[in-house]
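Dear colleague,

I am handing over the structure we spoke about, and I would be glad if you could look through it before reading my notes. What I found is set out below it.

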Amino acid sequence: MDPAPRWTVTVDRSRCIGSAMCVGVAGDRFALDGDARSAPLVSPVEADERVRDAAANCPMEAIELRDATTGELIDPYA
């Protein structure tokens, strides 16, 4: 049986404006740091549609998801 897919989650701090959209969508996966910039709480994570929704709804497209095994880009879509 194949293990569940895992994603590496990164936030480009130079693009993040601290809108907290990701925290609202997946508050157990993202938090704002002391500079009001988003950061993943853990990475890699099991594939989770809420994490994908957070990346897709980031107004600055600052969140990137990659397959933790292959490095293939998951979101934003290539």
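To begin with one residue of this predicted model, does Glu61 count as buried or exposed? Glu61 has a relative accessibility of 52%, and because the cut-off for exposed is over 50%, Glu61 counts as exposed. Glu61 is placed in the loop between helix H2 (49-57) and strand E5 (63-67), and its phi is positive, at about 50°, although Glu61 is not a glycine.

A positive phi is also found at Ala36, again a residue other than glycine, where the value is near 60°. Ala36 lies in the loop that runs between strand E2 (30-32) and strand E3, and with a relative accessible area of 36% this residue is partly exposed.

The loop that follows strand E3 (38-40) and leads to strand E4 (45-46) holds Pro44, and the peptide bond that joins Ser43 to Pro44 is cis, with an omega of about 5°.

Turning to the interior, the count of cavities of 30 Å³ or more comes to 1, and the volume of the largest cavity is about 80 Å³. The residues that line the largest cavity include Val11, Cys16, Ile17, Gly18, Ser19, Ala20, Met21 and Cys22, and also Ser38, Cys58, Pro59 and Ile63. Sorted by class, this lining has 9 nonpolar and 3 polar residues, with no charged residues.

With kind regards

Terms used. Residues numbered from 1 in each chain as written. Predicted model: local features only at pLDDT ≥ 70, side-chain atom pairs only at ≥ 80, totals over all residues. Heavy atoms only, no water. Helix = DSSP H or I, 4+ residues; strand = E, 2+ residues; numbered from the N terminus. Buried < 20%, exposed > 50% of the residue type's maximum accessible area, 1.4 Å probe, protein only. 1 Å grid on protein atoms, 1.4 Å probe; cavity = no way out; pocket = protein on both sides within 12 Å on 5 of 7 lines; lining within 4 Å. Points joined across faces, edges and corners; volume = space filled by probe spheres on them. Nonpolar A, V, L, I, M, F, W, Y, C, P; charged D, E, K, R; others polar.
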